[in-house]
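Hi everyone, thanks for coming. Let me pull the structure up on the screen, and then I'll walk you through it.

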Amino acid sequence: MDQQRDVMRAEAHPLGGGGSASSRPPVASTSAPSAAGFRITELADAGAAAGARGLARFTAYLYLTPALFTMTLLTFIPIALTITVAFTDWSLANFTDPRFIGLQNFVDLFTGPYSPVFVPTFIWNVAFAALAALTQYGVGLFVALLLNNRHMRETNFYRAILILPMAIPATLSIVAWQGLLQESSGQINNLLEAIANAIGWQGFERIPFLLDDNLAKVSIILVGIWFGFPWFMNMCLAALSSIPAELYEAAHVDGATLFQRFRHVTMPLLLSFTMPLMVASFAYNFTNFGAIYLLTRGNPVRVDTQWAGNTDILITVAYKLLGQPLYRYGLASAMALLLFVVVGSMALAQIRALRLVEEK
Amino acid sequence: MTTLAPAARRPRMRTDERLQLWASRILVWIFIALVFFPVWGVIAVALSPTGTGGELIPQNPTGDNFLDVLTCPGSDRCVPPATALPGGGFLQWLRTTLVVAAIVATIQVFMTAFAAYAFSRLRFWGRRWGIAVLFLIQSFPAFMATPAIFMSLVYVGLNDTIFALILIHLTASAFWIWMLKGFLDGLPRELDEAAAVDGANSWQTFRYVILPLALPMLAVLFLFNFMTPFNEFFLTSLVNKSPDLYTVPVGMYIFVRDNFTSRYGFYAAATLLTAIPLALVWGFGQRFVQAGLTRGAVKG
């Protein structure tokens, strides 16, 4: 596959060769000093070529303008504003007169009254993002391996219905999950109770999924799997279908067992393709506001502090800092900047892995 | 894609293969049951009498919740809390969301296609690392920049307009530009060259050669972007406080937020009425999604 990719890349930029001739660098600077007339025409040619090249570039920027315009307006400027605010004490108390306070917001996060919140929240945040990425990938891969069976004729049907969680708007289904997981009326508890009755287990008690610290965390991860696995299933199936069948035949001829074929043929090729997806998923979940807030709103509450609940991640804490009763825009923006450091380094890793920078 | 050989030439299965097939099938069925139980749970709640948390199998199934969703708060048959639905009710939210989604998705498709074409075929300063830089900047938790967007919209007086609802979703995405560029890189260059020989300029090449061939991937792009207004809650609720301009997620969340148990049946019915058409579109579009994502990401 790598070889194939290199071929693609070699073909990919023929603008010097296959594209318009005007984009080639002009070859006018060195020529015989005796033929002055020659040199003048060559220089004129070079000028025309440079003009055409300028026009070609201008055209390229025209194509890019709509995207760059919206990005500037809706991403770059708001981000710049947010970063600026991170170094001020902007809040409701001094809404009209924010002062520049340097790194004080960051000092506050690590040592101030928020530090008892910050450290445990950060740990849970990392754990949540890692567990979410791993479990969603794991389940998606497992289902993909089951479906990637050439004897299973109805695979496409399974695939079409298993994509369902991806098709329902996440905002709607997370809130629906909140209802399903209720202790007294939730359908999950209804089902468990029905099963307990059916097998005659008297000791069953309805489970407070969203009210217990640890159960709430487990619930968040499980709901995450429900949302996340179809994307990974799709991507893994795409990767699996790109593994040449000859490799399996060769392994079969060599007498490899099912596990050996998986371990030495499937897994290495699959990982090279899906690793960047894992990183992306980690980065996405690291700031996945909806998955936490719409399910638990960060609750259950912590006993030692009012600033954050037990399932809060940094971005939901930052959201709470933005709103009542604190309105600490400066502090919330400082937190956003810290998140950007983590997520940005993930993005750098992805840029490398996905080869977003072209080598030529 | 997965059925490698037509049925007639399918090799006879060995016993171990047959065993493996049936074990896989049973596991897949169990898995489907697990994935679909929550869906059934929501359906059962929607069919249960209004104001209850729902039963596993509704004893007296009723369509009241669906009728409430489709007719309240305007109709005479509505009783509290359905009369308290914000704005014009579900159908109006849905209309707003559909309009926003269609406009957003259309603009996004063209914007992304323009940019991806430039990155794939044209030469300009920044072509090599442009997408990487945009991608890096866009990894900033966008969510945290929403107050800045909100303040700017208030400043120019655009908050509480449908224009704001559209505008907030119009950021071009570096990820999708990269995906589409990957797809375009896979289209043979000979086509461009042939068009150039025939005297086509870059616009004509783009319009008549590249765009038609990129249609499957553009469909994927449209689908994903069409979903955004159905998915986005917080920025939408921030820039728009007027109930007349609620989108489906905003209206539903605000209605159900503080009276969860008693209004969950309504919520369930509204979720289903939104999700069923979208799910059907995805089910049928799955083939495109599969092909588009594969060719965009794997490149060959």
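Quick definition before we start: when I say two residues are in contact, I mean that their C-beta atoms, placed from the backbone, lie within 7 Å. And keep in mind that this is a predicted model.

So, which residues does B:Phe135 contact, leaving aside its neighbours within four places in sequence? On chain A there's A:Ala347, A:Ile351 and A:Leu356, and on chain B there's B:Ala174, B:Phe175 and B:Trp178. B:Phe135 also shows up in the largest nonpolar core, which has 172 residues. Along with A:Ala318, A:Met335, B:Ala115, B:Ile177 and B:Leu180, B:Phe135 touches the most other members of that core.

Now the two chains together. Here 90 residues of chain A are in contact with 90 residues of chain B. On the chain A side, helix 2, residues 36–85, gives the most, with 18 residues. That side splits into 58 nonpolar, 25 polar and 7 charged residues.

Let's go back to A:Met335, because that one sits in a helix contact too: helix 3 of chain A touches helix 14 of chain A through A:Asn105, A:Phe106, A:Asp108 and A:Leu109 on one side, and A:Gly330, A:Leu331, A:Ala334 and A:Met335 on the other. The axes of these two helices, residues 104–111 and 329–353, come within 9 Å and cross at roughly 80 degrees. That makes helix 3 of chain A roughly perpendicular to helix 14 of chain A.

Last thing, confidence. Chain A has a mean pLDDT of 80, with 84% of its residues at 70 or more. Over residues 1–38 of chain A, though, pLDDT stays under 50.

Notes: Residues are numbered from 1 along each chain as its sequence is written. Chains are lettered from A and ligands numbered from 1 in the order in which they are written. This is a predicted model: local features need pLDDT of at least 70, side-chain atom pairs count only at pLDDT 80 or more; totals for chains, interfaces and linings use all residues. Axes are lines fitted to C-alpha atoms, for helices over the stretch in contact, and angles run from 0 to 180 degrees between N-to-C directions. Helices (H or I, at least four residues) and strands (E, at least two) are DSSP runs, numbered from the N terminus. Angles under 35 degrees count as roughly parallel, over 145 as roughly antiparallel, 65 to 115 as roughly perpendicular and the rest as oblique. pLDDT is the predictor's confidence in each residue, from 0 to 100. Ala, Val, Leu, Ile, Met, Phe, Trp, Tyr, Cys and Pro count as nonpolar, Asp, Glu, Lys and Arg as charged, and the others, Gly among them, as polar. A nonpolar core is a set of buried Ala, Val, Leu, Ile, Met, Phe, Trp, Tyr and Cys residues joined through C-beta atoms within 7 Å. A residue is buried if 20 or more other C-beta atoms lie within 10 Å of its own, exposed if 12 or fewer, and partly exposed in between; C-beta atoms are placed from the backbone.
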